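Work through the exercises below with the sequence and the 3D view open. Try each task before reading its solution.

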Amino acid sequence: MSDCIFCRIANGEIPSATLYEDEEFRVILDLGPASKGHALIIPKQHYADIYELPEEAAGRAFILASKMVKKMTKALSCDGFNVVQNNKPVAGQTVFHFHMHLIPRYEGDQVGLGWKMGKLTEEDKAEILEKMQITD
Ligand code: 5GP
Ligand code: ZN
């Protein structure tokens with residue numbers, strides 16, 4: 001995918017501020033950070049989103065997220081972290097190469113990742129539970 005910006009970044013064709021790299025992943029600083037230290041875990045292979053990402057790679061990506069969060073928390077002295085991952089435009093995905101956001105959180109920061117809480121109705125609960133038991 002030579003026209004994919006994250007393929008080119010992950011494989012080192014385009015330079016980036018790299019916090020970590022191995023055979024499978026590169027972790028870089030986001031150019032439009034939500035907070036100081038906002039980083040992205042990017043696999044070197046192209047998968048558009050979580051639907052394409054093999055489950056084993058998903059597991060390794062989350063293990064890396066766990067390690068990075070701990071290391072970055074110490075280094076940056078942040079107070080918490082959001083691990084965010086968007087799939088498809090409706091969910092806010094803008095770069096269609098799988099990536100995980102690591103967003104350091106600081107007391108009093110103005111980072112907005114919230115949503116308006118709804119209410120789980122009995123009707124929705126019954127419908128969802130029924131649908132989830134359908135195997136295809
Ligand atoms: P998404 O909205 O797809 O979940 O996240 C895309 C993220 O990639 C955004 O946070 C955006 O700031 C970041 N981004 C887009 N292009 C580049 C780039 O060329 N370099 C870096 N480091 N980050 C990028
Ligand atoms: Zn790509």
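The exercises that follow concern a predicted model.

**Exercise 1. The overall fold**

Task: State how many helices and strands the protein chain has, and give their pattern along the sequence.

Solution:
- Step 1. Count the elements: the protein chain holds three helices and five strands.
- Step 2. Read them along the sequence, which gives α-β-β-β-α-β-β-α.
- Step 3. Add the extent: the C-alpha trace spans about 50 × 40 × 25 Å along its principal axes.
- Step 4. Add the burial: of the 136 residues in the protein chain, 33% are buried.

**Exercise 2. The shell around ligand 1**

Task: Describe where ligand 1 sits and what kinds of residues surround it.

Solution:
- Step 1. Locate the ligand: the largest pocket is where ligand 1 sits.
- Step 2. Count the shell: ligand 1 is surrounded by 16 residues, and the closest are Leu29, Asp30, Gly92, Thr94 and His101.
- Step 3. Sort the shell by type: eight of its residues are nonpolar, seven are polar and one is charged.
- Step 4. Trace the shell back to the fold: helix 1 (5-10) and strand 2 (25-29) each supply at least two of its residues. Helix 1 gives the most, with three residues.

**Exercise 3. Polar contacts of ligand 1**

Task: For Asp30, Leu31 and Thr94, decide whether the atom facing ligand 1 belongs to the side chain or the backbone, and give the distance.

Solution:
- Step 1. Take Asp30: a polar atom of its side chain lies 2.5 Å from an oxygen atom of ligand 1.
- Step 2. Take Leu31: here a backbone N or O atom lies 3.3 Å from a nitrogen atom of ligand 1.
- Step 3. Take Thr94: a polar backbone atom is 2.7 Å from an oxygen atom of ligand 1.
- Step 4. Look at the cover: ligand 1 taken alone exposes 520 Å², and the protein buries 79% of that.

**Exercise 4. Two residues with positive phi**

Task: Ser77 and Lys88 each have a positive phi. Place each residue in the chain and classify its exposure.

Solution:
- Step 1. Note the angles: phi is about 50 degrees for Ser77 and about 80 degrees for Lys88. Neither Ser77 nor Lys88 is a glycine.
- Step 2. Place Ser77: this residue is in the loop between helix 2 (55-76) and strand 4 (80-84).
- Step 3. Place Lys88: this residue is in the loop between strand 4 and strand 5 (100-105).
- Step 4. Classify Ser77: its relative accessible area is 54%, and the cut-off for exposed is over 50%, so Ser77 is exposed.
- Step 5. Classify Lys88: its relative accessible area is 38%, which falls between the cut-offs of 20% and 50%, so Lys88 is partly exposed.

**Exercise 5. Two histidines in loops**

Task: Are His97 and His38 buried or exposed, and which residue does each one contact?

Solution:
- Step 1. Place His97: this histidine lies in the loop between strand 4 and strand 5.
- Step 2. Classify His97: its relative accessibility is 0%, and buried means under 20%, so His97 is buried.
- Step 3. Find its partner: the side chains of His97 and His46 are joined by a polar contact of 3.3 Å.
- Step 4. Place His38: this histidine is in the loop between strand 2 and strand 3 (39-43).
- Step 5. Classify His38: its relative accessibility is 5%, again under 20%, so His38 is buried.
- Step 6. Find its partner: a polar atom of the His38 side chain lies 2.9 Å from the backbone nitrogen of Ala34.

Conventions: Residues are numbered from 1 along each chain as its sequence is written. Chains are lettered from A and ligands numbered from 1 in the order in which they are written. This is a predicted model: local features need pLDDT of at least 70, side-chain atom pairs count only at pLDDT 80 or more; totals for chains, interfaces and linings use all residues. Side-chain values use heavy atoms; hydrogens and water are left out. A residue is near a molecule or strand if one of its heavy atoms lies within 4 Å of it. A polar contact is a pair of N or O atoms within 3.5 Å; within protein, one must be able to donate a hydrogen and the other to accept it, and residues adjacent in sequence count only if both atoms are side-chain atoms. Accessible areas come from the Shrake-Rupley method with a 1.4 Å probe; for residues, only the protein chains shown count as cover. On a 1 Å grid over the protein atoms alone, a cavity is a set of points where a 1.4 Å probe fits but cannot get out, and a pocket is an open set with protein on both sides within 12 Å along at least five of seven lines; lining residues have an atom within 4 Å of a point. A molecule sits in a cavity or pocket if more than half of its atoms lie within 2 Å of its grid points. Helices (H or I, at least four residues) and strands (E, at least two) are DSSP runs, numbered from the N terminus. Ala, Val, Leu, Ile, Met, Phe, Trp, Tyr, Cys and Pro count as nonpolar, Asp, Glu, Lys and Arg as charged, and the others, Gly among them, as polar. Buried means under 20% relative accessible area, exposed over 50%, partly exposed in between (1.4 Å probe, protein chains only).
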